[in-house]
Amino acid sequence: MGQLSRAAPATRSGFVALAGRPNVGKSTLANAIVGAKVAIVSDKPQTTRRAIRGVATGPDWQLILVDLPGVQRPRDVLTERMQHRVERELADADGCLLVVNAEQGIGPGDRFIAELLRRGVGTVPVPVTIAANKVDRADQARTAATLQAAQELGLAGEIFPVSARTGAGVTTLVEHLVARLPAGHFYFSAAQRSDQSPSVLLAELVREQVLSRTREEVPHAVEVEVEEIERRADLVWIEAVLLTETESQKGILIGAGGRMVKSIGVAARRTIERELGTKVHLELSVRVRRHWRTDERLLDRLGIE
């Protein structure tokens, strides 16, 4: 007799898009679920410019989180591309995790996104789960009010109070999302945590430090492009340029005596060394690229689709 065939163990996998208005903690939540830093975090709105995929893998499941830019009304070519990417990713996703801010409650921006999700971005509406994030910053009354208002958004999905910062409620949320994944093969290796190229990941880690040190229009006027990554002896040599739109913004980024760009570089180098697990030499320069946010060719090169 021939050997009895054994069915391969069933696996589940799928893409869940993280939607929400700017600065509700989508990137922090994606990092918490994946267990690694796949998206930069700051207190500035519109931190996320690309659709970044974070990969969380269990014994028989793989959850691919697509950290989307904050849903907004486009103002220029950059934000227009960001919004189109949101709509494309939502249309292709197996599910959506709408993140709201438990501390601030439900506002017009949340209702705008909920209406978009109710209508459906593609041919059919995408199944929605709601996460009320930042419960560690809200008292019980505020959290309860947010959960009630989230229920009234009319999305018919389950609602989970969570804190991406402390991890409270995240495991229960992940179990819920995994249980609703379709049967399917793994899209990434079990060790992979993100689909970002090395140059984009490094550029984002540098930009994170720009966001933490600048104010007003400067954070939104800066993009980072990595021009060289090379392993030399026992370290990784990285050259990157900070692109900004005006000479005055360039002056702010350089700072008196070069102190600002130096502080950005030191902090970014330390973060990159933690991520890569090796010594890093980081060379930063600042360059004016006027109207880069409307430069289609540059946005293509930067991977902002």
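These legends walk through a few close-up views of a predicted model.

**View 1. Two strands, S7 and S8, pair up as a hairpin.** Strand S7 covers residues 223-232, and strand S8 picks up at residues 235-244. They pair in the antiparallel sense, with 9 bridges holding the place of rungs between them. To find one of these pairs, look for arginine 231: its bridge partner in S8 is valine 236.

**View 2. Here's the turn of that hairpin.** There are 2 residues between the strands. Check out alanine 233, which takes a positive phi near 55 degrees.

**View 3. Zooming out a bit, we get an open sheet of 3 strands.** The order is S7-S8-S9, and the pairing is mixed. S7 and strand S9 (279-288) stand at the edges with a single partner strand each, so one side of each has no neighbour in the sheet. From one strand to the next, the twist averages 15 degrees. In a regular strand, side chains take turns pointing to the two faces of the sheet.

**View 4. Now for the helices, H7 and H8.** Helix H7 (residues 247-254) lies across S8 and S9, running at about 155 degrees to S9. Helix H8 (residues 259-276) also lies across S8 and S9, and its angle to S9 is about 140 degrees.

Key:
Residues numbered from 1 in each chain as written. Predicted model: local features only at pLDDT ≥ 70, side-chain atom pairs only at ≥ 80, totals over all residues. Heavy atoms only, no water. Pairing = 2+ DSSP bridges. Helix = DSSP H or I, 4+ residues; strand = E, 2+ residues; numbered from the N terminus. Axes fitted to C-alpha atoms, helices over the stretch in contact; angles between N-to-C directions. Contact = heavy atoms within 4.5 Å.
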